[in-house]
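Work through the exercises below with the model open beside you. Try each task before you read its solution.

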Amino acid sequence: MLLTLFAFILALGLLVTFHELGHYWVARRAGVPIVRFSVGFGPVLLRRRDRHGTEWAVSAIPLGGYVKMLDEAPPGADETTRRAVFNAQPLIWRAAVVAAGPAANLALAALIYAFLGLWGTQEPAAVLAAPQAGTPAAQAGVRDGDTLTAVAGEPVASWTQARWRLAEPLSLGGAVALTLQSADGSLRTDTLRLHPQDVTPGGADPLLATGLALRAPVPVVGELVQGGAAEQAGLRTGDQILMAGDMEHPSVEAFVRTVQAHAGQPLPLVVLRQGARVALSVTPRPERGEDGLETGRIGALIQAERPLVLVRLGPVDSLWQGMRRTADMSLFTLRMMGRMVVGDVSWKNVTGPVTIAEYAGRSARVGLESYLGFLALISISIGVLNLLPIPMLDGGHLLFYLIEALRGGRPLSDRVRDLSHRLGLGIVLGLMVLALFNDFSRLFS
């Protein structure tokens, strides 16, 4: 719980503060006086004033930040100050200052993705399990042990990349080409036909309905008990179990059940050791449990291990992937919002702070790479949301500036702007209530 709370506060505080830094940086370029830049909200705990007169502050509530610019000249101000205030700036500079916040969030996401690509990440290899009968994957001809190497002609190096490429076809439906490498090394292309699916946060994995799933983890021999049945049979730490009895490629659970069922009976095994197949036979020793039943034990720790691939890119490719992935995710987010408006996608997809905090904690527990990926996704969401043409948001201000430009430099009247801001406030509050309702509905369902 403590880790979840810390990960959530760090994520929200960092991303919102970075958003405000975008506004600040462009406002400084325009010469607009900055009264205060605060990390956090509420009462100021620490403050320092720089040579430009800006107060840098740390405030009590660490859920974001804000930048306070001088909008209007104070009484008695000189001509230089009156021309420097925000509302006196040319339209192009006002628009640039407003757009810089969302742009900073999108740029941060691209840099995070670029860093992950440059650093390299260990990701599950896209080795597929046998699809269930009747699923789209089964109808397409996907077989057990196939490795997915491309989606719609775009190469994928891992299951993570494959899921990313399948996200849009999954939500929109239609036919998508899968390039598959069979266990014998041959390549072929199968066509996966999808129906549009409602991707609900916290819900079941939508890929499961297609029949696409990773092959179960490989049973690998871990620590051996000295003098145990496994050691006497010749098993070694690191051996991969390829066959147990007449069962090929057993899951960890299936292998353990088979061992338990062969108490005192020889069990033929085929293992993979340093790239070579080795045939062995182990006789599990009978042991009586607390329930009085006799089960077989071989005296070995059996671990679940998935094949992993290191995905690492060069500086140019990683930066290009970062920008492309950010653009793809931004467009995907906009399409999902549009489909919610017309009713093609459930409004249950609108999530709030509880769900975000939950995902923050989950990703932080997995590791730094997962948490950075989470930060990139939330940063994109903040950037895209703020660009929506809703009064009260940055996109609403940009809409007003566009109307002002079309009216030959004449802004909308104060009454129209006031009514628009009230409407925008109502929309934002409505979305917040909906997000909280969805959060607590998922939490208590």
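The exercises below concern a predicted model.

**Exercise 1. Two helices that pack**

Task: Describe how helix 9 packs against helix 12, and state which residues meet.

Solution:
- Step 1. Find the two elements. Helix 9 covers residues 353-366, and helix 12 covers residues 414-444.
- Step 2. Take the geometry. Two packed helices are described by the angle between their axes and the distance between the axes. For helix 9 and helix 12, the angle is about 55 degrees and the axes are 7 Å apart.
- Step 3. Name the arrangement. Helix 9 is therefore oblique to helix 12.
- Step 4. List the residues that touch. Helix 9 supplies Pro353, Val354 and Thr355. Helix 12 supplies Leu436, Asp439, Phe440, Arg442 and Leu443.
- Step 5. Sort the residues by class. The contact of helix 9 with helix 12 has five nonpolar residues, one polar residue and two charged residues.

**Exercise 2. A helix with a kink**

Task: Check the span of helix 5, then find where a kink lies.

Solution:
- Step 1. Work out the expected span. Helix 5 has 14 residues, 159-172, and at 1.5 Å a residue should span 20 Å.
- Step 2. Compare with the model. The end C-alpha atoms of helix 5 are 20 Å apart, which agrees.
- Step 3. Look for the bend. Helix 5 has a kink of about 35 degrees at Leu166. The proline Pro169 comes shortly after this point.
- Step 4. Pick out the buried residues. In helix 5, they are Trp159, Ala162, Trp164, Leu166, Pro169, Leu170 and Ser171.
- Step 5. Step past the end. Gly173 follows helix 5, and its phi is positive, near 80 degrees.

**Exercise 3. Positive phi outside glycine**

Task: Where do Ala152 and His249 lie, and what are their phi values?

Solution:
- Step 1. Recall the background. Most residues other than glycine have a negative phi.
- Step 2. Take Ala152. Its phi is positive, near 55 degrees. Ala152 sits in the loop between strand 4 (147-151) and strand 5 (154-155). Its relative accessibility is 52%, so Ala152 counts as exposed.
- Step 3. Take His249. Its phi is also positive, about 45 degrees, although His249 is not a glycine. His249 belongs to the loop between strand 10 (247-248) and helix 7 (252-261). At 41% relative accessibility, His249 is partly exposed.

**Exercise 4. Two residues in helices**

Task: Is Ile112 buried or exposed, and is Phe332 buried or exposed? Find their contacts too.

Solution:
- Step 1. Place Ile112. It is in helix 3, residues 91-119.
- Step 2. Apply the cut-off, under 20% for buried. Ile112 has a relative accessible area of 10%, so it is buried.
- Step 3. Find its contacts beyond four places in sequence. Ile112 touches Leu372, Leu375 and Ala376.
- Step 4. Place Phe332. It is in helix 8, residues 315-341. With a relative accessible area of 16%, Phe332 is buried.
- Step 5. Find its contacts in the same manner. Beyond four places in sequence, Phe332 touches Ala167, Glu168 and Ser171. Among these, Ser171 is one of the buried residues of helix 5.

**Exercise 5. Sequence against space**

Task: For Gln181 and Pro266, set a separation along the chain beside a C-alpha distance.

Solution:
- Step 1. Place Gln181. It is in strand 6, residues 174-181. At 31% relative accessibility, Gln181 is partly exposed.
- Step 2. Read its pair. Gln181 and Leu148 are 33 residues apart in sequence and 6.5 Å apart in space.
- Step 3. List what Gln181 touches beyond four places in sequence. These residues are Gly145, Asp146, Thr147, Thr149, Ser186 and Leu187.
- Step 4. Place Pro266. It lies in the loop between helix 7 and strand 11 (267-273). At 56% relative accessibility, Pro266 is exposed.
- Step 5. Read its pair. Pro266 and Asp78 are 188 residues apart in sequence and 96 Å apart in space.
- Step 6. List what Pro266 touches beyond four places in sequence. These residues are Ser281, Val282 and Thr283.

Definitions and conventions
Residues are numbered from 1 along each chain as its sequence is written. This is a predicted model: local features need pLDDT of at least 70, side-chain atom pairs count only at pLDDT 80 or more; totals for chains, interfaces and linings use all residues. Side-chain values use heavy atoms; hydrogens and water are left out. Axes are lines fitted to C-alpha atoms, for helices over the stretch in contact, and angles run from 0 to 180 degrees between N-to-C directions. Helices (H or I, at least four residues) and strands (E, at least two) are DSSP runs, numbered from the N terminus. Angles under 35 degrees count as roughly parallel, over 145 as roughly antiparallel, 65 to 115 as roughly perpendicular and the rest as oblique. Contact means heavy atoms within 4.5 Å. Ala, Val, Leu, Ile, Met, Phe, Trp, Tyr, Cys and Pro count as nonpolar, Asp, Glu, Lys and Arg as charged, and the others, Gly among them, as polar. Buried means under 20% relative accessible area, exposed over 50%, partly exposed in between (1.4 Å probe, protein chains only). The expected span of a helix is 1.5 Å times one less than its number of residues. The bend at a residue is the angle between axes fitted to the seven residues ending there and the seven starting there.
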